[in-house]
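Thanks for coming, everyone. I would like to walk through one model this morning, going from its pockets to its interior, and I will try to keep each statement to what was computed.

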Amino acid sequence: MRSRMCVVGAGWRGQWFMKLAKALPEYFELAGVAVRTPETAKEMQEKYGVPVYADYIDMIEAQKPEFVVVAASNKAVPQIAVELNRRGIPALCETAYSNKLEDLEEYYKAAGENSLIQYAEQYHLQPMQQARRNFAHSGLIGDIFEAQVSISQCYHGISVMRKLIDVNFEPVRIGAKTFKSKINMSPDRQGDPKEDKLVDDLQTIGWFDYGDKLGVFDNAKNQLRSWARHQRTQVMGTKGEIMDKSIRYLKDYLTPIETELTRIQIGFEESMEGIGLRAIAAEGKYWYENEFRNMPFIDDEIAVATMMVKMRDFARGGESFYPLEQSLQDQYLSVMMERACAEGQFIDVPRPIWAK
């Protein structure tokens, strides 16, 4: 049975959810959209063919969704999410909230423990990141003690880093530095660069010392979508490491193994399965299998669709997958990294009030 969902907000990310809901009719029914302006309302109605509301309360009372995607502004999201939670409606929220610790604490207190609020943090659900994490946690590269992540800005990269070294709310010592440089203009949400132009770039490197584990965050302002920069993920264990797609580990102390995570794509040459990603394999085993392999989705669409299915299952009594507390922790660590950078020294970050 497909899940009735509604969306609050019609920006770039809100429409990402609408598009995927329409692409997966066997999973989801897009029951309504709430937007602020009549012009946007008309556009959404024409584009997606769904009822559009000026007020999200009117929408949920009329449509009675299983869950609501909240893709509003960062100031509006907490208020909407808490109200939905009060009404017993699960909320899948976009956008980090605030750079002030007191705001994050107030949000947590308003939501309460065991709230129905989940967060739309999808980077760790991208196919290659899932494959890396599954391989790393299989024991083949030993006990994991370090991850270096250079994939996206602030809380996104921190989220992936935490998943790889398996830390949550533990106290941590953070240091950070920035470096200014130049880079050729990159593609953006609107498409290819419009001119050949060098733009200012700011790289931030952060160290997260958990005592027996180390996380390293490395990201530049214009790295995302850049044709001139790689994304990088490295995971180190006592018996080996994963560097992007390459893997080295010791089968025993005299038997080094080198292998690679390989994408199994369909739809080429004699394949009649459609165009898509089937799985990611290494050492004769699948470390990730794509539930949406017959859909021509890019990796980020696969990740968001996976998250939407997890949200459907959560709304039906299933497991929490990225609760408010986890999102607050990502933002908290991001803010503390910026503080360490500004102060020019390591700072000790205690457990927050939302630690469980």
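Before I turn to the pockets, one convention on residue classes: Ala, Val, Leu, Ile, Met, Phe, Trp, Tyr, Cys and Pro count as nonpolar, Asp, Glu, Lys and Arg as charged, and the others, Gly among them, as polar. Please also keep in mind that what you see is a predicted model.

With that convention, the lining of the second largest pocket comes out as ten nonpolar, ten polar and five charged residues. This pocket holds about 520 Å³ of space, and of the 25 residues that line it, Gln153, Asn219, Ala220, Lys221 and Asn222 are the closest to its centre. Helix 9 gives the largest share of that lining, with five residues, while helix 7, strand 9, strand 10 and helix 9 each supply at least two.

Now to the largest pocket, whose volume is about 1,100 Å³. It is lined by 42 residues, and those that lie nearest its centre are Gln122, Tyr123, Gln126, Leu224 and Asp300. By class, this lining divides into 15 nonpolar, 14 polar and 13 charged residues. Helix 1 provides the largest share, four residues, and among the other elements that each supply at least two are helix 6, helix 7 and strand 11.

Two of those helices deserve a moment. Helix 6, residues 127-136, has nine of its ten residues buried, so it is largely enclosed by the rest of the structure. The buried set includes Arg132 and Arg133, along with Pro127, Met128 and Phe135. In helix 7, which covers residues 154-165, we find His156. Is His156 buried or exposed? With a relative accessible area of 10%, His156 is buried, because the cut-off for that label is under 20%. Leaving aside neighbours within four places in sequence, His156 is in contact with Glu121 and with Tyr123, and Tyr123 is one of the residues nearest the centre of the largest pocket.

Finally, the interior. The largest nonpolar core has 107 residues, and Tyr107, Ile174 and Phe208 are those with the most contacts inside it. Helix 8, residues 299-315, contributes the largest share of this core, nine residues. If we take Ile174 as an example and leave out residues up to four places away in sequence, it touches, among others, Trp207, Phe208, Leu333, Met336 and Met337, and its partners also include the polar residue Gln345.

Notes:
Residues numbered from 1 in each chain as written. Predicted model: local features only at pLDDT ≥ 70, side-chain atom pairs only at ≥ 80, totals over all residues. Heavy atoms only, no water. Core = buried A, V, L, I, M, F, W, Y, C linked by side-chain atoms within 4.5 Å. Buried < 20%, exposed > 50% of the residue type's maximum accessible area, 1.4 Å probe, protein only. Contact = heavy atoms within 4.5 Å. 1 Å grid on protein atoms, 1.4 Å probe; cavity = no way out; pocket = protein on both sides within 12 Å on 5 of 7 lines; lining within 4 Å. Points joined across faces, edges and corners; volume = space filled by probe spheres on them.
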